[in-house]
Amino acid sequence: MKQGAASFSRRAGLAACFAMLAPGSRAQTPNPSLLPDPAPAPPPPVQLTPLRPQIPQPMAGPLPGLHGLPQGGFRLRMTGAELSPAQTAALQALARNLAALPQGRITVEAQVSGPLEDVSTARRLSLARAQAVKSALIAGGLTPTRIDLRPLGRLSGAQDAVDILPPGVASPNAEARRS
């Protein structure tokens, strides 16, 4: 009998617990006529600007020895590996303008008109010209790590020129390099 009484008191205790829980759970049930708060709105999307070629702003006056290219950039005519004082001053003024651009690399492409029979000499002469232009740009305030050199040697157009291309400006020598 003791076992039956213990079993009965255990069952009565469990029933009493369930009875106490049942009204409490009903009291916590939300009112179906009230809607929950809406979720917070997501933040607005970030406005991105498309990448455009970064072309330097027009300078106060013409730079002696520098000619503007139609698609952007500048061309400097050189016959040797040395720059004249006027060319150096023009490149330094250009460097100050290019240094104001927030980012991007400047490409210096140098080409020569000869010698026709020695490709190695033509490449070395174009490298010397590109290095002279890079030195003038650095002296004008352009960071050296932003300048890429491309000594092209002798191309089919056979010109004694150095092109300075701002970020985003395509090379005018792309077709000549393929042939």
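1. Read along the sequence, the pattern is α-β-β-α-β-α-β-β-α. That comes to 4 helices and 5 strands. Helices (H or I, at least four residues) and strands (E, at least two) are DSSP runs, numbered from the N terminus. The model is predicted: local features need pLDDT of at least 70, side-chain atom pairs count only at pLDDT 80 or more, and totals for chains, interfaces and linings use all residues. Residues are numbered from 1 along each chain as its sequence is written, and side-chain values use heavy atoms, with hydrogens and water left out.

2. Overall figures. Of the 179 residues, 29% count as buried. Buried means under 20% relative accessible area, exposed over 50%, partly exposed in between (1.4 Å probe, protein chains only). The protein exposes about 11,900 Å², with carbon and sulfur atoms supplying 61% of it. Areas come from the Shrake-Rupley method with a 1.4 Å probe; for residues, only the protein chains shown count as cover. Among contacts (heavy atoms within 4.5 Å) with a separation of 6 or more, 76% join residues 24 or more positions apart.

3. The sheet. It is open, has 5 strands in the order 1-2-5-3-4, and its pairing is mixed. Two strands pair if DSSP finds at least two bridges between them. Strand 1 (66-68) and strand 4 (147-154) are the edge strands, each pairing on one side only. From one strand to the next, the twist averages 20°. Axes are lines fitted to C-alpha atoms, for helices over the stretch in contact; angles run from 0 to 180 degrees between N-to-C directions.

4. Helix 2 (residues 85-99) packs on this sheet. It touches strand 1, strand 2, strand 3 and strand 5, and its direction makes about 165° with that of strand 2.

5. Strand 5 deserves a look. Strand 2 (residues 74-77) runs antiparallel to strand 5, joined by 4 bridges. Strand 3 (residues 106-112) is also antiparallel to strand 5, over 5 bridges. Ile-164 of strand 5 stands opposite Phe-74 and also opposite Val-108. Val-162 is the bridge partner of Ala-110.

6. How enclosed is strand 5 (residues 161-165)? 5 of its 5 residues are buried, so the strand is largely enclosed by the rest of the structure. In a regular strand the side chains alternate between the two faces of the sheet. Here both faces are covered: Ala-161, Asp-163 and Leu-165 are buried on one side, Val-162 and Ile-164 on the other.

7. Gln-111 sits in strand 3. It is buried, with a relative accessible area of 2%. Beyond its neighbours within four places in sequence, its contacts include Ala-161 and Asp-163, as well as Ser-126 and Arg-129. Arg-75 and Leu-152 are also among them.

8. Helix 3 (residues 119-139) lies across strand 2, strand 3, strand 4 and strand 5, at about 150° to strand 4. Its 21 residues reach 30 Å from first C-alpha to last, close to the 30 Å expected at 1.5 Å a residue. The expected span is 1.5 Å times one less than the number of residues.

9. Which residues of helix 3 are buried? They are Ala-122, Ser-126, Arg-129, Ala-130, Ala-132, Val-133, Ala-136 and Leu-137. Seen down the axis, these buried residues fall within an arc of 155°, so they line one face of the helix. The arc is that of the directions from the helix axis to the C-beta atoms. Their cover includes helix 2 along with strand 2, strand 3, strand 4 and strand 5. The face turned away from the buried side carries the exposed residues Arg-124 and Ala-139.
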